[in-house]
Every structure is written in C-alpha cells, then in structure tokens.
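Grab a coffee and work through a few short exercises on this protein. Try each task on the structure first, then read the solution.

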Amino acid sequence: MSLATKVELKAETIKPKIGSRVLNAKEELLSGEIAGELRDLLEARGVLVFPKIDFTDDEQVAFTKTLGTFAPERPGDPEVISKITLDVKENPSSAEYLKGSLYWHIDGTRNGVPILASLLSCKIPSPKGTGNTGFANTYSAYDDLPDEKKAEIEDLRVVHGPWASLFYYEPEPSLAKLEGYAQVGEQELPLVWKHKSGRKSLVIGCTAAEVVGKSALESAKIIHGLRDWATGPDFTYSHEWEAGDLVIWDNTGTMHRAEPYDPTCGRMMHRTKLEGEEPFA
Ligand code: OGA
Ligand code: MN
C-alpha cells in the first residue's frame with residue numbers, strides 16, 4: 001500500500017506589504033497540487049519569487065497552465081513563450097515597444113480584461129546592479145491612503161494609451177511616430193479598480209495620459225502623486241535576477257518596471273501570461 005503524499009506549500013515573506021518566496025521543488029510545482037494555494041498567495045502578496053527553479057520553456061508553459069488559462073501573446077498564437085529583451089537583434093519586432101517597460105506600468109491596459117498575471121523567467125541576467133525588475137503593490141498602496149484621499153479619487157476616470165508612454169523615453173517624437181502609437185488606441189479606465197473580491201487597487205502607470213475632466217496640471221498631480229506614493233519603499237520590491245529564477249506578478253494588483261540595463265548585454269527573459277478573469281471596473 002502506498003501512502004499518497006500531499007504537497008505542502010513552502011513560502012516565506014519577502015517584505016511585509018509585498019512579495020513571497022516559494023521554496024517548493026520543481027516537481028511539486030508542476031504537479032499542480034498547490035496551484036490553488038499559489039493563486040491565493042499571488043493575490044495576497046502581489047509577487048511570487050521561485051529562486052533558481054530552472055524551468056525549461058515547456059515546463060514554464062505547463063506550470064502556467066496549472067494556474068489558469070494560458071494567454072497567447074496575440075490571439076491565435078501557439079502556446080509558446082515570448083522573449084523579453086531590449087536587444088533589437090534578438091527582438092526586432094518588440095524591442096522598441098519594450099522601452100516603455102522601463103517605466104512603472106501594468107501589462108495590457110489596452111484590453112478591457114487585462115491579463116491576470118505574467119510569469120517571467122531569467123535565462124541570462126544583466127550585470128549586477130542593472131536590470132532588476134521592480135514591483136509595486138497597488139492594493140497595499142490604495143489601502144494605506146488616508147480616507148480623505150480615497151474619497152477624493154474614488155470615482156475618477158483616466159484615459160490610458162501606449163502613446164502616453166512614448167513620451168517617457170522619446171520626449172520629442174515625430175508626428176508619424178506619435179500617430180503610429182496612437183493607432184494602437186486609447187481606453188478610459190477607473191483610477192481605483194473595485195475588484196469582485198471587494199479589494200481595491202490603483203490603476204496608474206506610464207500609459208495614463210489624463211484624468212477625465214481635470215486640467216493637464218491637475219491630472220499630472222493626481223497621476224504622478226499616486227505613483228510617487230505607490231512606488232515608495234513600503235510597497236515595492238526590486239528583484240535582482242539570478243539565472244533560473246522565475247517571478248510571477250499579479251497584474252491586477254501590482255505595477256512593475258525593468259530597471260535600466262545595457263540592451264546589448266545579453267539579458268534574456270522568457271515570459272508567459274495568464275488570461276485575465278476580471279474586467280477593469
Ligand atoms: C514584461 C516586463 C520587465 C523586465 O515582461 O512585461 O515589463 O524586467 N518586463 O524585463
Ligand atoms: Mn510589463
């Protein structure tokens with residue numbers, strides 16, 4: 001008679017308001033037995049780090065599928081990983097667009113239902129001191145706002161578009177380039193996302209262009225003021241990568257950004273994503 005052994009989640013806190021490290025073995029993760037607990041932990045902690053888990057691409061895809069619905073990079077794409085690097089030689093189609101990933105952002109603010117989570121694994125790290133990935137917990141940041149501030153921003157709406165992020169890395173774009181970015185579209189989103197769970201998170205990031213009904217200065221003060229708050233030391237964690245690390249972030253309750261690195265240094269990340277389950281509301 002064999003005794004069925006139940007896999008137990010092994011996790012430790014990284015910082016009080018963001019991040020947990022998961023220490024289970026690869027086989028335990030791939031078994032799917034703790035997938036439900038990992039989903040809950042992700043929602044609670046914003047970011048999960050799996051140090052040196054060393055997944056192959058197939059294993060990363062399989063692990064992703066244990067957690068929810070695999071989201072292809074574009075509708076209809078096969079179930080494969082995406083290469084994330086600023087190196088134009090490695091990534092001719094999206095290295096330009098990834099320049100926006102150097103600024104605090106949420107993935108997929110163009111979609112009514114943004115992706116639930118991204119899984120990023122490090123194949124080749126950049127030199128130490130460069131190319132960390134920063135994460136900010138926008139649930140905790142909202143929760144800790146003073147009540148008057150919460151009341152002030154509760155019902156505000158913000159126009160988002162990738163064109164707004166272009167100005168972060170190219171302050172004087174040509175009209176043709178701006179029009180190219182504008183073609184991707186714009187979307188009006190709530191500033192405070194009221195989740196089905198009852199929790200609330202802030203929807204801010206470099207795609208935020210303006211607060212509806214406010215002057216340019218008022219908009220900037222609201223958006224940049226909240227970002228300044230949400231990216232303070234209490235709510236953030238900066239992950240220094242080792243080859244083989246995997247990090248998952250809850251894209252509905254965090255922002256993230258790549259910290260600067262030399263695009264030609266060889267840094268290579270492989271990303272998979274989980275389909276969103278809840279519209280911005
Ligand atoms: C992403 C992203 C950050 C990084 O893959 O969506 O923003 O550090 N990556 O490469
Ligand atoms: Mn991103």
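## Exercise 1: the metal site

In sequence, the residues that donate to the manganese ion (ligand 2) follow the spacing H-x1-D-x148-H. Keep in mind that this is a predicted model.

**Task.** Find which residues coordinate the manganese ion (ligand 2), and through which atoms. Then work out whether His-105 is buried or exposed.

**Solution.**
1. Start at the metal: the donors to the manganese ion (ligand 2) are His-105 through NE2, Asp-107 through OD and His-256 through NE2, at 2.1 to 2.2 Å.
2. Now place the two histidines on the chain. His-105 sits in the loop between β4 and β5 (117–124), while His-256 is in strand β14, so the pair ties together distant parts of the chain, 151 residues apart.
3. Check accessibility against the cut-off, where buried means under 20% relative accessible area. His-105 comes out at 9%, so it counts as buried.
4. Do it again for the other histidine: His-256 has a relative accessible area of 5%, so it is buried too.

## Exercise 2: the pockets

**Task.** Say which residues lie closest to the centre of the largest pocket, and how the lining of the second largest pocket divides by class.

**Solution.**
1. Take the largest pocket, with a volume of about 1200 Å³. It is lined by 46 residues, and Glu-73, Tyr-97, Arg-110, Arg-271 and Lys-273 are the closest to its centre.
2. Look at where the lining comes from: β4 (82–84), α6 (162–169), β14 (254–258) and β15 (268–274) each give two or more residues. Strand β14 also holds the metal donor His-256.
3. Sort that lining by class and you get 20 nonpolar, 15 polar and eleven charged residues.
4. Move on to the second largest pocket, about 250 Å³ in volume. Of its 13 lining residues, Arg-39, Glu-43, Leu-116, Glu-277 and Glu-278 lie nearest its centre.
5. Helix α2 (residues 35–45) gives the largest share of this second lining, four residues. By class, the second largest pocket has three nonpolar, three polar and seven charged lining residues.

## Exercise 3: the nonpolar cores

**Task.** Which element gives the largest share of the largest nonpolar core?

**Solution.**
1. The largest nonpolar core has 25 residues, and Ile-153, Leu-191, Leu-202, Ile-204, Leu-226 and Met-255 make the most contacts inside it.
2. Two or more residues each come from α4 (138–143), β9 (192–194), β11 (208–211) and α8 (216–230).
3. There's your answer: α8 supplies the largest share, four residues.
4. Don't miss the other core, which lies apart from this one and has 20 residues, including Val-22, Leu-42, Phe-63 and Ile-248.

Notes
Residues numbered from 1 in each chain as written. Chains lettered and ligands numbered in written order. Predicted model: local features only at pLDDT ≥ 70, side-chain atom pairs only at ≥ 80, totals over all residues. Heavy atoms only, no water. Core = buried A, V, L, I, M, F, W, Y, C linked by side-chain atoms within 4.5 Å. Buried < 20%, exposed > 50% of the residue type's maximum accessible area, 1.4 Å probe, protein only. 1 Å grid on protein atoms, 1.4 Å probe; cavity = no way out; pocket = protein on both sides within 12 Å on 5 of 7 lines; lining within 4 Å. Points joined across faces, edges and corners; volume = space filled by probe spheres on them. Nonpolar A, V, L, I, M, F, W, Y, C, P; charged D, E, K, R; others polar. Donors = N, O, S within 2.8 Å, 3.2 Å for Na, K, Ca; no water.
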